[in-house]
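I opened this entry to keep track of what I look up as I go. Sheets, ligand surroundings and a few pairings are on my list.

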Amino acid sequence: MKIKVENVSKNFIKDKEQLEVLKDLSITFESGKLYVIVGKSGAGKSTFLKCLAALNKVDVGNISFDDVEINKLNDKEISKFRNEKIGIVFQEYNLLEFLNTYENVALPLVINGKYNLEDDELKKKVDDLLEFVDLGDRSKHYPKELSGGEQQRIAIARALINDPDVILADEPTGSIDKENSNNILKLLKKISKEKCVIIVTHDDNVLKYADEFYNLKSGSLEKYESKN
Ligand SMILES: Nc1ncnc2c1ncn2[C@@H]1O[C@H](COP(=O)(O)OP(=O)(O)OP(=O)(O)O)[C@@H](O)[C@H]1O
Ligand SMILES: [Mg+2]
């Protein structure tokens, strides 16, 4: 799987002023690597991730996942594409408070109609993922009964339930202490052996896990030589 970003520009218009956030940005991402993009607050990191997830439309340029140009998809096709290809992890976990761990992880496959909540096959998938994120014994817990690091690992399990090609993570360690943050990063590193993982962050601790890392500055990406 290859993601090609070609000459992308993204502007926001606010109170008649045009704000250029991404300018002629090009990069290629591929499976089997963990990418880290750093950049100061307001540099456009979240905006860029949203463009990759087709949550933002680019103004100029092109983003393609293998042969699929996402700007050319209609709304229905975009939802399907996002559901099948992309797993998203946020700083604030975004778990639903009134659902337990099992239900939170299972939810994407219930919403898209593939399974009922009680299906044995779904249970097996969720149990396997909870084992993978080392939370096999927390399936009945509700988010408020879990630590921040645990909630984030559950959010990662949820992002994986559709077996996506790409994991996009926006400040995944932003609300977690350093030790737990390393557990999250090791987990994302493990996932990147098979998938493409893209992390945007302020957290310098993330850099040591990167196969490639970039600074988003003045709307485009500068590549750094890896410290590994
Ligand atoms: N919907 C929007 N309308 C207008 N301006 C926006 C919108 N979304 C983002 N911006 C502006 O675009 C710029 C980039 O925002 P973005 O959220 O991508 O930054 P960021 O690099 O993720 O910052 P942080 O590290 O603080 O999360 C900011 O100056 C922001 O104010
Ligand atoms: Mg951001």
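**Entry 1: the four-stranded sheet**

I began with a single pairing: Lys4 stands opposite Ser64 in β4. I note here that the model is a predicted one. I then looked up the next pair. Val5 has Ile63 of β4 as its bridge partner. Both pairs led me to the strands themselves. β1 covers residues 2-14 and β4 covers residues 60-65. I found 5 bridges between β1 and β4, and the two run antiparallel.

Next I followed β4 onward. β4 pairs with β5 in the antiparallel sense, over 2 bridges. Phe65 stands opposite Val68 in β5. Which residue in the turn between β4 and β5 has a positive phi? I found Asp66, with a phi of about 50°. The two strands make a hairpin with 2 residues between them.

I could now write down the whole sheet. It is open, has 4 strands and runs in the order β2-β1-β4-β5. The pairing is antiparallel. Why does one side of β2 and of β5 lack a neighbour in the sheet? Both β2 (17-30) and β5 (68-69) stand at the edges with a single partner strand each, so one side of each is left free of a sheet neighbour. I keep one general point beside this: strands of a sheet pair through backbone hydrogen bonds, parallel or antiparallel.

I checked what lies over this sheet. Helix α1, residues 45-52, lies across β1, β2 and β4. I noted that α1 runs at about 60° to β2.

**Entry 2: a residue in β2**

I picked Asp24, which is found in strand β2. What does Asp24 contact once its neighbours within four places in sequence are left aside? I listed Asn7, Val8 and Ser9. I also looked up a distance to Gln152. The two residues are 128 residues apart along the chain, and their C-alpha atoms are separated by 33 Å.

**Entry 3: ligand 1**

I turned to the residues around ligand 1. Among them are Phe12, Leu19, Val21 and His202. The list also includes Lys40, Ser41, Gly42, Ala43, Gly44, Lys45, Ser46 and Thr47. I sorted the shell by class: 4 nonpolar, 6 polar and 2 charged residues.

Then I looked up polar distances. A polar backbone atom of Ala43 is 3.2 Å from an oxygen atom of ligand 1. For a polar backbone atom of Gly44, the distance to an oxygen atom of the ligand is 2.9 Å. A polar side-chain atom of Lys45 lies 2.7 Å from an oxygen atom of ligand 1.

How much of the accessible area of ligand 1 does the protein cover? I recorded 61% of the 640 Å² that ligand 1 has on its own. Which elements give two or more residues to the shell? They are β2 and α1. α1 gives the most, with 3 residues.

**Entry 4: the six-stranded sheet**

I moved to the other open sheet. It has 6 strands, in the order β6-β7-β8-β3-β9-β10, and its pairing is mixed. β6 (86-89) and β10 are the edge strands, and each pairs on one side only. I noted that neighbouring strands here are turned by 20° against each other on average, direction ignored.

For the parallel part, I took β3, residues 34-38. It runs parallel to β9, and 4 bridges join the two. Ile37 stands opposite Tyr214 in β9. Helix α2, residues 75-85, packs on the sheet and touches β6 and β7 (166-170). The direction of α2 makes about 75° with that of β6.

For the antiparallel part, I took β9 (residues 212-217) and β10 (residues 220-224), which are joined by 5 bridges. Asn215 has Glu222 in β10 as its bridge partner. How many residues stand between β9 and β10 in their hairpin? I counted 2, and Ser218 in the turn has a positive phi of about 50°.

Terms used. Residues are numbered from 1 along each chain as its sequence is written. Chains are lettered from A and ligands numbered from 1 in the order in which they are written. This is a predicted model: local features need pLDDT of at least 70, side-chain atom pairs count only at pLDDT 80 or more; totals for chains, interfaces and linings use all residues. Side-chain values use heavy atoms; hydrogens and water are left out. Two strands pair if DSSP finds at least two bridges between them. Contact means heavy atoms within 4.5 Å. Axes are lines fitted to C-alpha atoms, for helices over the stretch in contact, and angles run from 0 to 180 degrees between N-to-C directions. A residue is near a molecule or strand if one of its heavy atoms lies within 4 Å of it. A polar contact is a pair of N or O atoms within 3.5 Å; within protein, one must be able to donate a hydrogen and the other to accept it, and residues adjacent in sequence count only if both atoms are side-chain atoms. Accessible areas come from the Shrake-Rupley method with a 1.4 Å probe; for residues, only the protein chains shown count as cover. Ala, Val, Leu, Ile, Met, Phe, Trp, Tyr, Cys and Pro count as nonpolar, Asp, Glu, Lys and Arg as charged, and the others, Gly among them, as polar.
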